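This briefing goes through one protein chain, first as a whole and then residue by residue. Please keep the sequence and the structure in view while reading.

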Amino acid sequence: MNPSEIKRLRTQSVLKELLPEALSTLEDELLRGLCVTDVECKKGRYDAFVYLDKMMFDEREQAYILDRLKRVSKHLQNHCMAAEGWYRAPNFHFKFDDRLEYQNHMDDLFEKISEDLNKNAKS
């Protein structure tokens, strides 16, 4: 692993801790309760993709949350810069994390295949 990769991974780790703290300082109750599942920085660390847990939000609520987060992203950047003493923080791009749903779907498919194989083996 080269030094730039280590810096990128460290930045991701720090942001994964700082962003929930920054979200908890907001006045919007819905944004305060958001759960950050992952942060992925791009190579130059100018952009960071922040993955949020869906927590059973419907499409309308998700759109509202993403709109509000876009509006308060400068506040979140300032919080991260002040907490870490950074000169610059990455631009945040918020997304709802559907990787867990995808994983659960794949697990269900493999379970179904396993059941079918067991059924055919007994026949």
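The model shown here is predicted. A starting point is Asp38, which touches Lys16, Phe49, Val50, Tyr51 and Arg99 when residues up to four places away in sequence are not counted. The points below give the setting of Asp38, then the chain as a whole, then some further residues.

**Asp38 and its surroundings**

- Asp38 is part of strand 1, which covers residues 36-41.
- The relative accessible area of Asp38 is 18%, and buried means under 20%, so Asp38 counts as buried.
- Among the residues that Asp38 touches is Lys16, and the side chains of these two residues are joined by a polar contact of 3.3 Å.

**The chain as a whole**

- The protein chain contains five helices and three strands.
- Their order along the sequence is α-α-β-β-α-α-β-α.
- The radius of gyration of the protein chain is 19 Å, whereas a compact globule of 123 residues would have one near 14 Å.
- The C-alpha trace spans about 70 × 40 × 20 Å along its principal axes.
- Of the 123 residues in the protein chain, 32% are buried.
- Taking the contacts between residues at least 6 apart in sequence, 61% join residues at least 24 apart.

**Surface and charge**

- The protein chain has an accessible surface of about 8,600 Å².
- Carbon and sulfur atoms account for 51% of that surface.
- The protein chain carries 20 positive and 23 negative charges, and the mean positions of the two sets are 7 Å apart.

**Thr11 and Arg45**

- Thr11 belongs to helix 1, and helix 1 covers residues 3-23.
- With a relative accessibility of 7%, Thr11 is buried, because the limit for buried is under 20%.
- Thr11 touches Cys41, Arg45 and Trp86, leaving out residues up to four places away in sequence.
- Thr11 and Val36 are 25 residues apart along the chain, and their C-alpha atoms are separated by 15 Å.
- Arg45, one of the residues touched by Thr11, sits in the loop between strand 1 and strand 2.
- Arg45 is partly exposed, at 28% relative accessibility.
- The phi angle of Arg45 is near 60 degrees, which is a positive value in a residue other than glycine.
- Most residues other than glycine have a negative phi.

**Lys54 and Glu101**

- Lys54 is located in the loop that runs between strand 2 (47-53) and helix 3 (59-71).
- Lys54 counts as buried, with 18% relative accessibility.
- The contacts of Lys54, apart from neighbours within four places in sequence, are Gln62, Phe96, Asp97, Asp98 and Glu101.
- One of these contacts, Glu101, is in helix 5, made up of residues 99-122.
- Glu101 is partly exposed at 48% relative accessibility, because exposed means over 50%.
- Between Glu101 and Lys54 there are 9.8 Å in space, C-alpha to C-alpha, while the two residues are 47 residues apart in sequence.

**Glu27**

- Glu27 is in the loop between helix 1 (3-23) and helix 2 (29-32).
- Glu27 has 76% relative accessibility and is therefore exposed.
- From Glu27 to Asp38 the distance is 23 Å, C-alpha to C-alpha, with their positions 11 residues apart in sequence numbering.
- Glu27 is exposed, whereas Asp38 is buried.

Technical notes:
Residues numbered from 1 in each chain as written. Predicted model: local features only at pLDDT ≥ 70, side-chain atom pairs only at ≥ 80, totals over all residues. Heavy atoms only, no water. Helix = DSSP H or I, 4+ residues; strand = E, 2+ residues; numbered from the N terminus. Buried < 20%, exposed > 50% of the residue type's maximum accessible area, 1.4 Å probe, protein only. Polar contact = N/O pair within 3.5 Å; in protein donor to acceptor, adjacent residues only side chain to side chain. Contact = heavy atoms within 4.5 Å. Rg over C-alpha atoms; globule rule 2.2 N^0.38 Å. Areas by Shrake-Rupley, 256 points an atom, 1.4 Å probe, with all protein chains shown as cover. Lys, Arg positive; Asp, Glu negative; His and termini not counted. Charge placed at Lys NZ, Arg CZ, Asp CG, Glu CD.
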